[in-house]
Amino acid sequence: MQNKTMNLKACGRKSGLWLGCLMLVACAGTEERVTFVTTTQLGVSADAKTQSVDIGFSRMDGVIGPVYEGGAVPPIYADIHANASVLNPKVSQTYATGDAALIATGGASAQEEKLRGKRKTMLFGTATNVGLRLGFAPDPSISLGYIRQEYSAIPILKNGEEGDVYGSVLAHIELNVDNSDYSSSGMGIGQFIATGVAAENLAPLVRANFAETASKAMKIVECAASDTAEAVRLQALLDKPGNREELRLWLEARNIDMSPTMFAYSNCYPALQAEASKAISAND
């Protein structure tokens with residue numbers, strides 16, 4: 001168990017192919033145990049052994065364990081919320097298994113009686129990198145921005161006359177980067193992974209988030225590409241230094257969840273655009 005975990009970490013550090021390493025370790029067979037590993041890097045990291053440099057945020061989560069013939073998967077849960085500030089980091093992180101994972105995700109304890117019957121190995125993992133990554137060996141490489149890998153290999157099992165069953169896993173990430181003005185920038189990251197009943201407990205939250213995101217997307221389509229007088233005036237004001245940040249703060253104070261550019265080009269808020277233009281012009 002310990003050797004497999006160490007090999008998984010070493011493989012991920014050396015190759016950067018976390019999910020590929022997860023698959024290799026899974027081949028050894030882990031039907032009698034659950035291997036659950038997370039690694040997090042925030043800031044600047046340099047490793048002479050692997051000849052690599054990371055600047056920003058990177059996170060790797062990996063689970064290898066059994067899935068039972070009824071479709072049940074041992075519950076695990078891990079999350080992290082961070083502001084991604086190097087000098088003033090604010091981080092909240094959770095790692096839980098078994099009943100603790102069920103309780104942490106809003107369920108009840110003692111639900112593991114479902115873990116019965118024949119077992120087969122499953123694996124589930126994610127790898128996220130936000131920022132700059134430089135690799136110098138064995139082959140030079142560079143990545144800048146956002147990279148996300150997700151992988152699962154879950155056996156489909158028979159459940160008597162009820163048909164096939166498929167174990168539950170769930171991965172979710174939210175990344176909010178604000179670089180609207182060169183004088184200030186910020187980044188917020190929130191992500192989690194879960195399996196089994198823990199994943200099922202969290203699924204309604206993700207569904208609600210998806211519905212909200214879809215609703216916002218429809219609103220954006222409806223309100224796009226405005227050429228009204230108020231919108232054009234506000235668009236011109238954004239070209240002046242400092243006005244974009246001022247509009248961002250104006251929107252934030254009124255709980256308007258839109259970027260300055262999106263708001264300025266919208267055709268749904270002429271009255272608010274006129275008010276914003278007046279406020280910004282008064283400070284010029």
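This is a short conversation about how to read some features of a predicted model.

Colleague: I am new to this one, so let's start with the overview. How many helices and strands are there in the protein?

Modeller: Welcome! Keep in mind that the model is predicted. The protein has eight helices and 10 strands. Of its 284 residues, 38% count as buried.

Colleague: And what share of the contacts comes from residues 24 or more positions apart?

Modeller: Counting contacts with a separation of 6 or more, 65% are between residues 24 or more positions apart. One example of a distant pair is G106 and N201, which are 95 residues apart in sequence and 6.4 Å apart in space, C-alpha to C-alpha.

Colleague: Where does G106 lie, and is G106 buried or exposed?

Modeller: G106 is in the loop between α3 (98–104) and β5 (119–135). With a relative accessible area of 66%, G106 is exposed, because exposed means over 50%.

Colleague: Let's move to empty space. How many cavities of 30 Å³ or more does the structure hold?

Modeller: First the general idea: rolling a probe the size of a water molecule over the atoms shows where empty space is left. Here, the structure holds one cavity of 30 Å³ or more. The largest cavity has a volume of about 40 Å³.

Colleague: Which residues line the largest cavity?

Modeller: The lining is made of V34, V63, I64, G65, P66, V73, P74, I76, M122 and T195. Strand β2 (residues 52–68) gives the largest share, four residues. Sorted by class, the lining has eight nonpolar residues, two polar ones and no charged ones.

Colleague: Now the helices. How do I read the packing of α5 and α8?

Modeller: Two packed helices are described by the angle between their axes and the distance between the axes. For helix α5 (residues 229–237) and helix α8 (residues 270–283), the axes come within 9 Å and cross at roughly 35°. The crossing is left-handed.

Colleague: Which residues make the contact?

Modeller: From α5 they are E230, A231, R233, L234 and L237, and from α8 they are P270, Q273, A274, A276, S277, I280 and S281. By class, this contact has seven nonpolar, three polar and two charged residues. A231 also has a partner in a loop: its C-alpha atom and that of N267, 36 residues apart along the chain, are separated by 7.3 Å.

Colleague: Where does N267 lie, and what is its relative accessible area?

Modeller: N267 sits in the loop between α7 and α8. Its relative accessible area is 35%, so N267 is partly exposed.

Colleague: How about helix α6: which of its residues are buried?

Modeller: A general point helps here: an α-helix has 3.6 residues a turn, so residues three or four places apart point the same way. In helix α6 (residues 243–253), the buried residues are N243, E245, L247, R248, W250 and L251.

Colleague: What phi does N255 take, just after α6?

Modeller: Most residues other than glycine have a negative phi. N255 is not a glycine, yet has a positive phi of about 55°. N255 is in the loop between α6 and α7 (260–264). There N255 is exposed, with a relative accessible area of 72%.

Colleague: One last residue, then. Where is the place of Q149?

Modeller: Q149 belongs to strand β6 (residues 141–153). With a relative accessible area of 32%, Q149 is partly exposed. The C-alpha atoms of Q149 and T128 are separated by 6.5 Å, and these two residues are 21 residues apart along the chain.

Note on methods:
Residues numbered from 1 in each chain as written. Predicted model: local features only at pLDDT ≥ 70, side-chain atom pairs only at ≥ 80, totals over all residues. Heavy atoms only, no water. 1 Å grid on protein atoms, 1.4 Å probe; cavity = no way out; pocket = protein on both sides within 12 Å on 5 of 7 lines; lining within 4 Å. Points joined across faces, edges and corners; volume = space filled by probe spheres on them. Helix = DSSP H or I, 4+ residues; strand = E, 2+ residues; numbered from the N terminus. Nonpolar A, V, L, I, M, F, W, Y, C, P; charged D, E, K, R; others polar. Axes fitted to C-alpha atoms, helices over the stretch in contact; angles between N-to-C directions. Left-handed = near helix turned anticlockwise from the far one by under 90°. Contact = heavy atoms within 4.5 Å. Buried < 20%, exposed > 50% of the residue type's maximum accessible area, 1.4 Å probe, protein only.
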